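Q: Could you walk me through how to read the features of a structure like this one, step by step, beginning with a pair of charged side chains?

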Amino acid sequence: MKVLFTMDALINAGTERSVLDLAKHFSADIVVHLAYFYPRHDLKSDYEAAGIQLHFMDLSSKYSFIQGVRKLSELIKKEKPQLIVSSLMRANLISRMAAKINGVPIMGTFVNDSYGPLRIAEHKQKSYWKFKTFWLLDKWTAGIPVSYIANAQSIAKSNAQALGISMSKVKVIYRGREISNFPEWTAPSLDKNFHFTAIGRLLERKGYKELIAAFKMIYTEHPQARLHIYGEGAFRNSMEQQIKAGGLLDAVQLHGAVPNAWKELYPSHCFVFPSWYEGFSGALVEAMMVGLPIIASDIPMNLEAVAHNETALIHQVKNTNDLYAKMSLAISDYPAICQLGQTSRHISFQRFDIKNIANQYQNELRKFAQSK
């Protein structure tokens with residue numbers, strides 16, 4: 001069975017990495033091709049090393065949808081996939097039309113809370129009409145896919161409601177990771193600095209403004225504390241200004257994008273994940289598998305992975321004072337917080353083993369693939 005995955009670009013982000021991880025664990029009878037449309041090739045070598053055939057569509061601009069439909073149609077006629085699986089907005093729109101024209105079944109994916117209240121509020125402050133136009137295009141073409149796979153129940157419900165899709169068409173399959181990659185974490189010494197670590201692209205919606213503000217309060221009380229942030233993005237300048245203005249240049253480090261950033265969790269004392277909205281976060285799953293104590297925002301998709309005082313400390317999203325309180329508790333009651341990390345590691349192995357996740361995913365693909 002030949003399956004053609006499509007996505008916007010090969011950036012080093014959650015969806016792009018998850019497709020790669022899944023494809024590595026599919027059965028040998030599933031042949032995976034991947035088409036991408038825009039010139040970001042961060043993960044190209046990783047996909048090639050996994051034996052996945054890549055097709056770069058090289059669109060002339062980010063709005064060249066007609067060109068994208070034409071190029072993808074040519075690829076479909078050449079490769080004759082039995083199923084297309086699309087992810088992310090531009091790839092979704094192009095792939096749905098090309099699939100419709102060529103009579104090939106297509107599955108959609110819900111990987112972000114694209115139309116939740118916080119997302120809408122964010123765009124009302126910026127490019128609302130552009131956001132609304134894409135929403136209408138998404139809704140207009142949403143009936144073309146034969147099925148959808150969502151990476152969280154909350155994301156499935158939110159997107160299905162926004163696009164007028166019946167929940168009967170949506171299958172929830174969480175993101176997974178390779179268990180053998182994650183040796184058990186051992187708590188570093190508390191004799192010196194207490195290290196908080198965050199991982200994710202430098203975007204405002206990742207909650208970094210609140211994190212740095214909360215850490216400033218921590219630093220006032222615990223000058224041995226340090227904050228390490230791994231990732232890159234458009235919010236870097238704002239973060240650098242906030243760090244400088246807060247007198248935190250010696251205490252907060254922006255390390256940029258680092259391959260396999262989860263490895264940087266091992267010298268840390270606590271993982272902090274304060275996002276406003278997310279997909280089902282691979283970074284959060286990785287922190288669980290490491291066994292590191294976790295502080296996470298109370299957004300629904302996070303709460304599908306961790307629970308307050310059972311596997312993590314949960315803070316109210318966008319609430320700097322509550323985030324500070326949880327970070328302070330992590331320092332003052334560290335042995336108990338470490339126990340939460342051990343519990344989350346055990347649960348993550350049961351729920352997010354990539355072998356089981358890939359098996360669920362490929363079974364769903366087989367349901368809808370065109371027979372030869």
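A: A salt bridge here is a side-chain nitrogen of Lys or Arg within 4 Å of a carboxyl oxygen of Asp or Glu. Arg70 and Glu74 form one through their side chains, at 3.4 Å from N to O. Please keep in mind that this is a predicted model, in which local features need pLDDT of at least 70 and side-chain atom pairs count only at pLDDT 80 or more, while totals for chains, interfaces and linings use all residues. Residues are numbered from 1 along each chain as its sequence is written, and side-chain values use heavy atoms, with hydrogens and water left out.

Q: Where do Arg70 and Glu74 lie in the fold?

A: Helices (H or I, at least four residues) and strands (E, at least two) are DSSP runs, numbered from the N terminus. Arg70 and Glu74 are both in helix H3, which covers residues 65-79, and they are four residues apart, about one turn of the helix.

Q: How should I read the accessibility of Arg70, as buried, partly exposed or exposed?

A: Buried means under 20% relative accessible area, exposed means over 50%, and partly exposed lies in between, with a 1.4 Å probe and protein chains only. Arg70, at 45% relative accessibility, counts as partly exposed, and Glu74 is also partly exposed, with a relative accessible area of 45%.

Q: Which other helices hold a salt bridge of this kind, with its partners about one turn apart?

A: In helix H12 (residues 320-332), Asp322 and Lys326 are four residues apart, about one turn of the helix, and their side chains meet in a salt bridge at 2.6 Å from N to O. Lys326 counts as buried, at 13% relative accessibility. In helix H14 (residues 354-368), Glu364 and Lys367 are three residues apart, again about one turn, and their salt bridge spans 3.2 Å from N to O. The accessibility of this pair is worth reading residue by residue: Glu364 counts as buried at 6%, whereas Lys367 counts as exposed at 58%.

Q: How many salt bridges are there in the whole structure, and which residues are linked in a network?

A: The search of the whole structure finds 13 salt bridges, and a network of them links Asp21, Arg177 and Glu286. For the charges themselves, Lys and Arg count as positive and Asp and Glu as negative, while His and the chain ends are not counted. On that basis the chain has 43 positive and 32 negative side chains, and the centres of the two sets lie 8 Å apart, where the place of a charge is taken as NZ of Lys, CZ of Arg, CG of Asp or CD of Glu.

Q: What should I make of Glu16, which has no salt bridge?

A: Glu16 is found in helix H1 (residues 14-24), and it is buried, with Arg175 as the nearest side chain of opposite charge, 6.6 Å away. To describe its surroundings we use contact, meaning heavy atoms within 4.5 Å. Leaving aside neighbours within four places in sequence, Glu16 is in contact with Met7, Ala9, Leu10, Ile11, Leu43, Tyr47 and Leu88.

Q: Which residues does Val19, also placed in helix H1, touch?

A: Val19 is buried, with a relative accessible area of 7%, and it touches Phe5, Met7, Leu34 and Tyr47, not counting residues up to four places away in sequence.

Q: Where do positive phi values occur outside glycine?

A: Asn309 has a positive phi of about 65° although it is not a glycine, and its place is in the loop between helix H11 (300-303) and strand E13 (313-315). Lys318 has a phi near 65°, likewise positive in a residue other than glycine; Lys318 is found in the loop between E13 and H12 and is partly exposed, with a relative accessible area of 40%.

Q: How many helices and strands does the chain have, and how compact is it?

A: There are 14 helices and 13 strands in the chain. The radius of gyration, taken over C-alpha atoms, is compared with a globule rule of 2.2 Å times the number of residues to the power 0.38. The chain has a value of 21 Å, close to the 21 Å that the rule gives for 372 residues, so it is as compact as a globular protein of that length. Buried residues make up 58% of the 372 residues.
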